[in-house]
Amino acid sequence: MKLLSYRHNGRDTFGAVTGKGVCDLAPRAGTRTLREALAKHPVAQLAQLAQGAAADARLDDIIYLPVIPDPAKILCVGLNYEAHRIETGRDKLKYPVLFTRFADTQVGHRQPLVKPSESDKFDFEGELAVVIGRRGRRIPEDRALDHVAGYTCYHDGSVRDWQGHSPQFTPGKNFPATGGMGPWMVTPDEAPPVPAMVLTTRLNGVEVQKSGVSDLIFSVPALIAYISRFTELAPGDVIATGTPGGVGYVRKPPLYMKGGDEVEAEITGIGTLSHPVIAEGAS
Ligand code: ZN
């Protein structure tokens, strides 16, 4: 099942994709948001609520919101593909590099990513993200996938000069409207196994990143196990698992996103997340 958050007729809600439409799950689940629904119902139960239901809106008529518009936590993993670690010249690490994003940096599918006026170094990063469905602390690696509600595409748009002001990535990863999430999340029963997924990023139709997600240095279960040792993972929390090689700032010459560009991140078996890019303040 594909679950998503969206706006229709001026109202924010969430639902399940059925054919070319979407079935509004808010009244059926008895919650206002997908995050609340994941906290209230096991994800398989949400699938049952949508079963046989007619579409309430056409996909063409909705505004996509980030799959989880209001996660309590967004944890991002840096340098989690060997090719990307090598291209950035960093040493091998024993533990994952983690940083956080604020929820209000996110936008949904087809909504613009915004290049801030502070920088011309706005870089692309296609990623696989995991949405947590079941609460847990100190989750053993062999049980970690039981805590996953679904998989989605993520665009971890990065303002490189601000990312590099200090050893902490936070400023460069938290300008408004720099993180794309969507179009939907696919529940584990319908998603391919993570190692079988292929991630492709395209800028203006040209492939700029392509990698098997099997190349992750720290796997999804390893990340969930590690992160849940220091913080409790809760329904709706998001883990963006890192970007593969091919990012723009290490290219010669560098390749950055600018106003008027189109960028997309596709994951086989999940979907394609697309955004126009606009420059802040441009008219
Ligand atoms: Zn990233």
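Which residue takes a positive phi near 80° in the hairpin of strand 18 and strand 19? I would like to begin with that small detail, and the residue to look for is G269, in a hairpin that has three residues between its two strands. Before going further I should say that this is a predicted model, so please keep that in mind through everything that follows.

Let us stay with that hairpin for a moment. Strand 18, which covers residues 262-267, is joined to strand 19 by six bridges, and the two strands run antiparallel. If you want one pair to find on the screen, take A265, whose bridge partner in strand 19 is L273. Strand 19, residues 271-279, also pairs with strand 9, residues 113-115, through three bridges, and here the two strands run parallel. In that pairing V114 has I278 of strand 19 as its bridge partner.

Now please move to strand 6, residues 74-78. Strand 6 is mostly covered, since five of its five residues are buried. In a regular strand the side chains alternate between the two faces of the sheet. In strand 6 we can follow this residue by residue, with I74, C76 and G78 pointing one way and L75 and V77 pointing the other way, and all of them are buried.

Which strands does strand 6 pair with? Five bridges join strand 6 to strand 7, with the two running antiparallel, and three bridges join strand 6 to strand 17, with those two running parallel. To place the pairings by eye, look for R101, which is the bridge partner of I74 in strand 7, and for I239 in strand 17, which stands opposite L75.

Strand 7 also holds T100, and T100 is partly exposed, with a relative accessible area of 37%. Leaving aside its neighbours within four places in sequence, T100 is in contact with I74, L75 and N174. T100 and V238 are 138 residues apart along the chain, and yet their C-alpha atoms are separated by 10.0 Å.

Next comes helix 6, residues 220-230: is this helix largely enclosed or largely open? Eight of its eleven residues are buried, so helix 6 is largely enclosed by the rest of the structure. The buried residues are V220, P221, A222, L223, I224, A225, I227 and S228. What covers them includes strand 6, strand 7 and strand 17, which we have just visited, together with strand 11 and strand 12.

Strand 11 and strand 12 bring us to the metal site. Which residues coordinate the zinc ion? They are E125 and E127, each through OE, and D156, through OD, at 1.9 to 2.0 Å. Along the sequence these donors are spaced E-x1-E-x28-D. The pair of E125 and D156 links distant parts of the chain, for E125 sits in the loop between strand 10 (122-123) and strand 11 (126-132), whereas D156 belongs to strand 12 (residues 148-156), 31 residues away. Both E125 and D156 are buried.

We meet E125 again when we turn to the empty space inside the model. The count comes to one cavity of 30 Å³ or more, and the volume of the largest cavity is about 90 Å³. Its lining is made of 17 residues, and those that lie nearest its centre are G78, H84, E125, Q163 and F169. Strand 6 and helix 5 (160-163) are the elements that give two or more residues to this lining. By character, the lining residues divide into five nonpolar, six polar and six charged.

Helix 5 is also where D161 lies. D161 is partly exposed, with a relative accessible area of 27%, and, not counting residues up to four places away in sequence, D161 touches E118, S119 and K121. Ten residues separate D161 from P171 in sequence, and their C-alpha atoms are 9.5 Å apart in space.

Finally, let me show you one residue in a loop. T33 is placed between helix 1 (26-29) and helix 2 (34-40); is T33 buried or exposed? Its relative accessible area is 11%, and because buried means under 20%, T33 counts as buried. Again not counting residues up to four places away in sequence, T33 touches F14 and D70.

Terms used. Residues are numbered from 1 along each chain as its sequence is written. This is a predicted model: local features need pLDDT of at least 70, side-chain atom pairs count only at pLDDT 80 or more; totals for chains, interfaces and linings use all residues. Side-chain values use heavy atoms; hydrogens and water are left out. Donors are N, O and S atoms within 2.8 Å of the metal (3.2 Å for Na, K and Ca); water is not among the atoms, so sites may look incomplete. Helices (H or I, at least four residues) and strands (E, at least two) are DSSP runs, numbered from the N terminus. Buried means under 20% relative accessible area, exposed over 50%, partly exposed in between (1.4 Å probe, protein chains only). Two strands pair if DSSP finds at least two bridges between them. Contact means heavy atoms within 4.5 Å. On a 1 Å grid over the protein atoms alone, a cavity is a set of points where a 1.4 Å probe fits but cannot get out, and a pocket is an open set with protein on both sides within 12 Å along at least five of seven lines; lining residues have an atom within 4 Å of a point. Grid points are joined across faces, edges and corners, and a volume is the space filled by probe spheres set on the points. Ala, Val, Leu, Ile, Met, Phe, Trp, Tyr, Cys and Pro count as nonpolar, Asp, Glu, Lys and Arg as charged, and the others, Gly among them, as polar.
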